[in-house]
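Biologist: The model is new to me, so please show it before we go through it.

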Amino acid sequence: MTMAKANQAAPVPRASLTARAPDFVRSYGIFIFLIAAIVVTFAISPAFLSGANVSNMLMQLAPLGIVVIGQTFVVLVRGLDLSVASVMATAAVIATSFGGQNSDAALIFLACIGMGAATGLANGLLVTKRNVSPFLATLAMMIVLQGLRFAATQGAPSGNIPSLFRQLGSATLSGMPYNLLVMIVVAILFGILLHRSAFGRRVYITGGNPVTARLVGIAADRVTILCYVICGSLAALAGLILSGFVGVVDNFVGRGFELDSIVAAVMGGVALSGGRGSIAGALAGATILVVLSNAVVMVGMPVQLQIIVKGLVIIIAASLYVRPARA
Amino acid sequence: DTYKGVPRTFLFNPSMDVCLKDTAEYKKNGPYVIGFSNAGLGDSWRVVMLHSMEKAAAEHKDQIKQLLITDAGHDDAKQVSDIQDLTSRGVDLLIVSANTEQAVDPAVTRAMEQGIPVVMVDRRVSSDNFVTFVTASDAMMGRLFAQWIVEKLNGKGNIVILGGQAGSSPNEQRVKAAMQVLDQYPDIKILDTVYSDWSPVKGKQVMQAVIAKYGKNINAVLSTHGLQTPGSIEAFLEAGFKPGEIPPHTTSDVNGPMQLALKNKVPMLEVGYPPAMGGTAIQVALNVLGGKKVPCTYEINAQIATTDGDETPSIRPDLHIKDMVMPNAPPDMLVTGGMGPDYNPSTFKIDYPQ
Amino acid sequence: MLSLKGIHKSFPGVNALTDMNLDVRSGEIHALVGENGAGKSTLTRIIAGVHQPDSGELSFDGRAVRWSSPGEAKKAGIHVIYQEFVLFPHLSVAENIYIGHERRNRLGFVDHRRTRRDAAELLARFGLDMDPAALVQDLSVADQQMVEIAKALVHDVKLLILDEPTAVISGPEVDVLFRRLRSLRDAGVAIVYISHRLEEIFALCDRVTVLKDGKYVATREIGAVNRDDLISLMVGRSLSDLFPPRRKRSDEGEVVLDVRGINVPGRVHDASITLRAGEITGLAGMVGAGRSELAFAIFGALKTSAGQVLLRGRDISNVTPARAIREGIGLVTEDRKGQGLAMQLDIAANVTASTISEVSRFGLIDRRREEEIARGEIANFRIACRGPATSVSLMSGGNQQKVIVARWARTSTEVLILDEPTRGVDVGAKAEIYRIIQELADRGIAVLMISSELPEIVGMSDRVVVMREGHIVGELSSAEISEEAVIGLATHQSAA
Amino acid sequence: MTVQSSSLRRFFRGSQVGLFVVIGLLILLFVIGVSVSDRFATSRNILNVYEQSTGLALVSLGQTLAILTGGIDLSVGSIISLSSMLTSGLINGNPSMVLPVIAGVLLIGIVIGAINGGIITVTGVHPLIVTLGTGAILQGITLLYGLGPTGKVPRGFDYFAYGRLPAGFSVGATFALVVFLLAAFLLRNTRTGRHIYAVGDDPHAATLMGLPTRRVIMLVYILSGFFASLTAIYLVSRFGVGQPYTGANYTLSSITPVVVGGTMLAGGRGGVLGTLLGVYLVSLLNNLLNFLDVSTHFQLVAQGLVIIAAVSLYVEKRRIA
Ligand SMILES: Nc1ncnc2c1ncn2[C@@H]1O[C@H](COP(=O)(O)OP(=O)(O)OP(=O)(O)O)[C@@H](O)[C@H]1O
Ligand SMILES: Nc1ncnc2c1ncn2[C@@H]1O[C@H](COP(=O)(O)OP(=O)(O)OP(=O)(O)O)[C@@H](O)[C@H]1O
Ligand SMILES: [Mg+2]
Ligand SMILES: [Mg+2]
């Protein structure tokens with residue numbers, strides 16, 4: 001054919017090293033940052049990397065990590081979920097409202113996941129069918145859920161947590177927390193779901209461009225709703241695990257997780273504009289937050305500086321990921 | 001034997017002047033409409049306090065036509081508005097549990113200026129523009145906590161302060177009073193002050209880090225309330241401390257830490273901050289509306305208890321933790337509520353005049 | 001007026017421009033041509049201060065300049081009509097026209113009434129019947145493009161650059177535009193005109209500069225070149241036949257799709273059309289005639305309020321796009337970025353987007369299979385890229401278009417609808433897309449090709465259906481097809 | 001052509017319709033209030049509601065501007081806390097310090113806003129994350145300044161919050177009302193005002209059009225910081241002292257009236273008058289709930305549902321599929 005040369009239309013020059021540098025930073029910056037933070041803290045306080053402390057951090061990572069995985073799905077479809085903390089607290093309250101026997105564990109588990117999924121469903125429906133902005137829809141759900149929780153317990157949740165969940169939330173297998181094992185399993189399963197499965201592909205296309213998604217035959221609304229359901233369910237799981245971390249419930253188990261999980265995802269390169277990011281990155285973001293909150297105590301920083309450092313880290317880590325938009 | 005502790009007046013009596021207030025100007029014929037502006041709910045202490053108030057109101061239905069309750073959700077701005085709204089609704093007397101001492105002060109002062117008597121409960125406002133204050137003392141709690149630790153450690157050792165929320169008034173007042181005591185002992189070293197935001201979860205997380213850092217160098221933990229104490233004890237257990245090795249802890253009101261203390265032989269001091277003061281406030285309110293003389297401050301006796309053998313020269317309570325604890329009740333239960341044995345906050349329902 | 005010397009510009013992974021030169025005089029219309037990805041838009045953005053060149057000199061109005069922002073270039077008198085719209089959908093037409101040059105009253109406040117009045121005057125000069133207070137988002141794309149053009153005329157420009165301004169407008173609007181441009185030229189404005197429609201270049205421009213692979217090739221007086229010269233300068237070889245050879249069709253294919261009297265409220269009225277296997281049906285009409293809506297309605301992306309769509313006799317009215325795809329219908333939309341691509345994903349994912357379950361096993365994507373497919377399509381469509389894992393956001397428009405056509409060519413077994421399939425595509429790529437369309441038809445697929453380019457309609461269609469103002473107003477058989485006949489039907493003014 | 005019908009349609013499609021939604025809800029709440037208590041519709045109660053709206057009004061005004069550009073300012077809570085501490089801490093009961101400190105605190109709000117805007121424009125990080133980060137930093141700085149209520153203000157400082165004009169109109173709320181009207185006028189009738197909408201509608205297009213996009217973004221965060229500091233001064237006037245967490249609740253609550261009032265979080269659409277009505281709606285709802293004797297728990301549910309109900313009315317029809 002005479003047009004054989006046409007595929008030379010756009011030359012493919014080799015990228016220069018300098019051109020690659022920002023890409024490299026963008027892809028691995030968060031990990032470099034994490035390693036740097038660990039090294040510096042270790043230098044100041046060697047106890048930081050003691051087996052016990054590492055085990056502590058891993059145990060603290062698990063619930064946040066699980067929430068972050070769910071949050072990643074939602075952010076990928078251009079959403080965000082502020083109701084996760086409220087879901088977590090509600091899960092913890094549910095966990096104590098049975099008899100506290102291990103035989104209730106399955107029932108509790110189902111009730112919690114069901115509650116989380118239902119909340120996610122409500123969020124998803126509001127966002128897709130009523131076109132309410134995710135920020136507001138999930139904020140309102142957070143308030144509503146808190147109200148319902150208070151109404152059910154009169155504000156004073158009480159009861160015992162089955163020892164199974166206590167184990168799951170706070171015991172270790174020679175230094176390896178059980179809850180981290182749960183997180184790893186969740187990360188692998190949902191990592192495969194997101195990065196390898198057909199559903200995951202639909203998530204990325206929907207997040208990248210919902211109109212395109214619909215026009216290539218993807219039920220974009222259903223995908224979006226499912227992402228909220230995943231997020232709600234994982235938040236409930238995390239709440240259950242966190243309720244086992246200390247055997248006492250309070251109304252605000254998981255307080256702060258809503259913003260922390262979003263921040264972790266963004267620090268890990270999940271774009272708030274949707275369609276971009278990975279679970280590994282998001283977990284790295286979560287690890288930074290956990291390491292950070294432990295490190296500031298290890299180096300003996302006063303509480304004021306702790307808060308300040310957290311703010312700085314958020315901004316710096318997030319700025320590693322910004323891509324100049326193609327003009 | 002002779003008393004060897006610090007002067008009891010210093011420890012136990014925060015306000016030394018005894019003062020009585022004449023309330024004749026507020027005398028009114030019933031039945032009354034009483035308004036309660038609550039700072040907020042959120043932990044079980046505050047729930048029990050509210051319930052004890054509802055219970056008292058139910059017991060005085062003959063005199064109380066209506067008890068109107070608002071909840072500020074721990075938001076000063078909302079509480080100021082709530083007080084205005086209650087005033088608009090024409091209450092005869094206001095009971096206020098101030099979210100913060102100073103922010104709610106102008107609103108309370110204004111209500112008083114409009115001739116509505118205000119009874120403070122649990123948390124007062126900074127000025128004296130109210131009729132009376134029903135309370136147990138934050139300052140006393142802080143001092144007792146600190147003095148007990150000092151004496152447990154024989155004036156020498158390293159302590160960690162496990163606070164509630166940085167900057168919140170109950171926390172800061174307890175810590176401030178504790179520091180007044182601790183400052184007098186140069187050999188007492190404060191390793192770290194950490195904050196739990198009143199949450200056992202966060203309490204455990206920060207204590208894990210603190211323990212990883214200082215390990216056995218920690219000689220005592222001054223926890224400013226019982227809500228976060230279990231997190232700390234759990235953190236010690238997980239760090240491999242055996243029963244008997246865990247340093248002394250302070251706590252209040254909550255069942256869980258006492259259960260843990262008995263089980264793991266943790267020396268413990270409990271200074272109660274009884275939620276029953278809610279009911280007392282109703283009684284006081286009726287006295288005010290009846291024109292009776294009332295004390296300027298209505299101090300509820302705090303129950304003070306220690307684990308067996310952990311009394312110190314200054315702190316020799318009559319009560320023991322083993323007698324206070326409710327072994328089979330949930331850990332988050334408040335043992336100082338005075339609501340009777342069948343009380344369960346989640347299912348509590350009473351027909352008070354609404 | 002404008003002179004560029006030795007301009008270099010590279011993006012991560014791409015050298016968009018190397019050693020580029022350009023001289024534009026005031027009072028001339030200077031054409032800029034080149035294949036997709038040749039660097040025309042990049043050049044435009046450098047002139048306008050959106051990008052800074054890596055090296056090279058830019059001088060404007062006799063002074064060497066270096067813009068640090070588009071605002072600076074604008075102040076100096078450069079106005080650009082970009083390839084993509086630069087409009088604010090939720091502001092009114094009048095506000096869009098004057099944004100940045102607000103009409104103000106004596107107190108310095110924005111004078112809304114004057115803004116509207118002046119805008120109305122300006123629109124009238126274009127012969128546009130548009131409410132200046134209407135929101136831009138409510139306009140058709142053609143009207144939006146006209147607003148873009150009107151914007152260029154509200155202030156004194158010394159240099160006006162138009163990057164494919166006619167991609168979304170047709171006949172009469174193009175005439176208006178050309179008349180305006182000529183009078184601006186006569187008033188001494190320098191104009192750079194970019195288009196893939198060569199006939200426009202010859203009709204309008206004075207000189208032409210050719211780019212290839214980011215490099216300067218040549219500048220010629222327009223009178224000194226002909227169409228074939230230009231093409232061989234652009235693509236490095238001659239291209240004699242743009243359209244594939246027409247095959248003789250022995251018999252009429254069977255009816256695959258039968259659209260009966262469908263209605264899309266406000267846009268399409270009682271439209272009936274039949275598509276036959278192996279036939280390319282051209283759907284012509286002025287921009288805004290409602291052709292895209294008809295396509296969306298057939299595809300299930302817009303609800304119809306009346307009528308039926310029959311696929312081989314089965315009723316598929318008001319199905320979802322997903323179902324339409326399963327039925328073997330494909331739709332190449334006119335808006336690549338907004339409706340066609342998932343920009344942040346790679347070629348492989350975009351090619352297989354409508355057949356995700358086909359490339360997955362047990363719910364998991366078979367990445368190897370997917371890349372294999374993508375590689376096949378890259379070769380088949382001659383998509384210029386680094387491989388199946390190239391992000392489509394980094395590709396030129398023409399190549400992006402090929403990715404979309406490749407996707408739908410794979411899935412359409414019955415009907416393929418192409419809405420402006422060669423919009424913004426260079427001649428070389430156009431020829432390939434035409435070849436592919438013809439191949440698909442030869443495979444027995446019923447093709448509906450919507451186009452505003454008459455040569456394309458005439459050159460490709462076996463049959464032409466014409467729409468006007470939401471109605472189907474006529475049909476031309478193979479023998480009747482001619483540009484005049486199509487125009488006649490498309491613009492026929494009703495008696496009222 | 002029926003210009004009239006098309007402008008009517010525009011009217012209903014545009015930001016204006018938000019105002020009607022909120023007005024409708026306001027009327028609804030009012031009717032409920034009147035039917036449950038004869039003390040509800042008294043001028044005293046209504047004037048109280050008006051007064052109670054002041055703080056939220058001031059902070060939401062700045063928030064509206066940030067949201068109009070497609071951003072958000074989650075640092076307002078911390079700015080308020082810091083500013084309130086500085087106000088009462090620096091005045092510390094000294095009347096002669098009042099004016100200089102007010103000026104200084106407002107300047108600090110401006111500087112913080114400029115820092116927010118600067119980080120956003122320079123790094124390109126999403127405003128939500130940037131302001132969350134600066135919010136944390138400012139909270140830390142506030143706690144460095146003081147862990148508890150700090151300083152005091154002289155008598156008379158409370159005039160801003162509690163003072164009443166003739167006919168009983170609150171000084172602060174009336175001030176806020178005037179500021180809102182002024183802001184609405186400026187937003188509509190100045191170039192910068194129009195540019196705020198343009199930047200929010202499409203920031204990329206705004207840059208290409210040569211609009212001073214960065215300056216506009218700087219400006220809205222500066223104004224947001226300024227109004228947060230002004231809110232702090234109001235709160236010090238209302239509470240008599242600055243406290244380290246005084247602003248915490250405003251971070252999220254400042255967003256509700258904006259969105260309820262019809263401003264889209266995506267930017268480019270809406271306006272401050274909607275926000276003002278949104279603020280009145282929130283205040284009236286709180287007041288009504290206090291009159292209704294709903295259990296406090298269900299008050300939360302009711303608030304959530306009202307938010308959902310209000311914003312669900314702004315559904316935009318999707319054109320394709
Ligand atoms: N911001 C950017 N980042 C990365 N690559 C870019 C960017 N802008 C342009 N390119 C690349 O530079 C090359 C030239 O692109 P440009 O848009 O200038 O081509 P063009 O001649 O305008 O093509 P078309 O005719 O399709 O519009 C292409 O390979 C394109 O992918
Ligand atoms: N009122 C509107 N609001 C939003 N989008 C619109 C509106 N009208 C048309 N469009 C979209 O603009 C594009 C072009 O539509 P247009 O009105 O020009 O009709 P067309 O005849 O289908 O156009 P073309 O000739 O480009 O195929 C289509 O994608 C259409 O869906
Ligand atoms: Mg181009
Ligand atoms: Mg169209």
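**Ligands, ions and strands**

Biologist: Which element gives the most to the shell around ligand 1?

Modeller: A residue is near a molecule if one of its heavy atoms lies within 4 Å of it. Elements are DSSP runs numbered from the N terminus, with at least four residues (H or I) for helices and at least two (E) for strands. With three residues, the element that gives the most to the shell around ligand 1 is α1(C).

Biologist: What pLDDT do local features need in this model?

Modeller: Residues are numbered from 1 along each chain as its sequence is written, chains are lettered from A and ligands numbered from 1 in the order in which they are written, and side-chain values use heavy atoms, without hydrogens and water. The model is predicted, totals for chains, interfaces and linings use all residues, side-chain atom pairs count only at pLDDT 80 or more, and local features need pLDDT of at least 70.

Biologist: Between which chains does ligand 1 lie?

Modeller: There are 21 residues around ligand 1, and those that come nearest include Asn36(C), Gly37(C) and Leu394(C). The ligand itself lies between chains A and C.

Biologist: How much of the accessible area of ligand 1 does the protein cover?

Modeller: Polar contacts are pairs of N or O atoms within 3.5 Å; within protein, one must be able to donate a hydrogen and the other to accept it, and residues adjacent in sequence count only if both atoms are side-chain atoms. Oxygen atoms of ligand 1 lie 2.8 Å from a backbone N or O atom of Gly37(C), 2.6 Å from a polar side-chain atom of Ser41(C) and 2.9 Å from a side-chain N or O atom of Gln83(C). On its own the ligand has 640 Å² of accessible area (Shrake-Rupley method, 1.4 Å probe; for residues, only the protein chains shown count as cover). Of this area, the protein covers 94%.

Biologist: How many residues apart are the protein donors of the magnesium ion that is ligand 3?

Modeller: Donors are N, O and S atoms within 2.8 Å of the metal (3.2 Å for Na, K and Ca); water is not among the atoms, so sites may look incomplete. For ligand 3 they are Ser41(C) (OG) and Gln83(C) (OE1), lying 1.9 to 2.1 Å from the ion. Ser41(C) is in helix α1 of chain C and Gln83(C) in the loop between β6 (78-81) and α3 (93-98), and their separation in sequence is 42 residues.

Biologist: Is Ser41(C) buried or exposed?

Modeller: Buried means under 20% relative accessible area, exposed over 50%, and partly exposed in between (1.4 Å probe, protein chains only). Gln83(C), at 31%, counts as partly exposed. Ser41(C) has a relative accessible area of 14%, so this residue is buried.

Biologist: Which residues are the protein donors of the other magnesium ion, ligand 4?

Modeller: The donor atoms lie 1.8 to 2.7 Å from the ion, one OG and two OE entries. The OG belongs to a residue that is buried at 11%, and the OE entries to one that is partly exposed at 21%. They are Ser292(C) and Glu334(C).

Biologist: Which strands stand at the edges of the six-stranded sheet in chain B?

Modeller: Two strands pair if DSSP finds at least two bridges between them. The order of this open, parallel sheet is β3-β2-β4-β5-β6-β13. An edge strand has a single partner, so one side of it is left without a neighbour in the sheet; here the edges are β3 (64-71) and β13 (297-299).

Biologist: Which residue of β22(C) stands opposite Val465(C)?

Modeller: Val465(C) is in strand β21 (residues 463-468) of chain C, where six of six residues are buried. Five bridges join β21(C) to β22 (residues 471-476), running antiparallel, and the two form a hairpin with two residues between them. On β13 (residues 280-285), paired with β21(C) in the parallel sense, the residue opposite Val465(C) is Leu283(C). In β22(C), Val465(C) stands opposite Glu475(C).

Biologist: How many of the eleven residues of helix α11(A) are buried?

Modeller: The helix spans residues 257-267. Among its buried residues are Phe257(A), Ile262(A) and Met267(A). Helix α11(A) is largely enclosed by the rest of the structure, because the number buried is ten.
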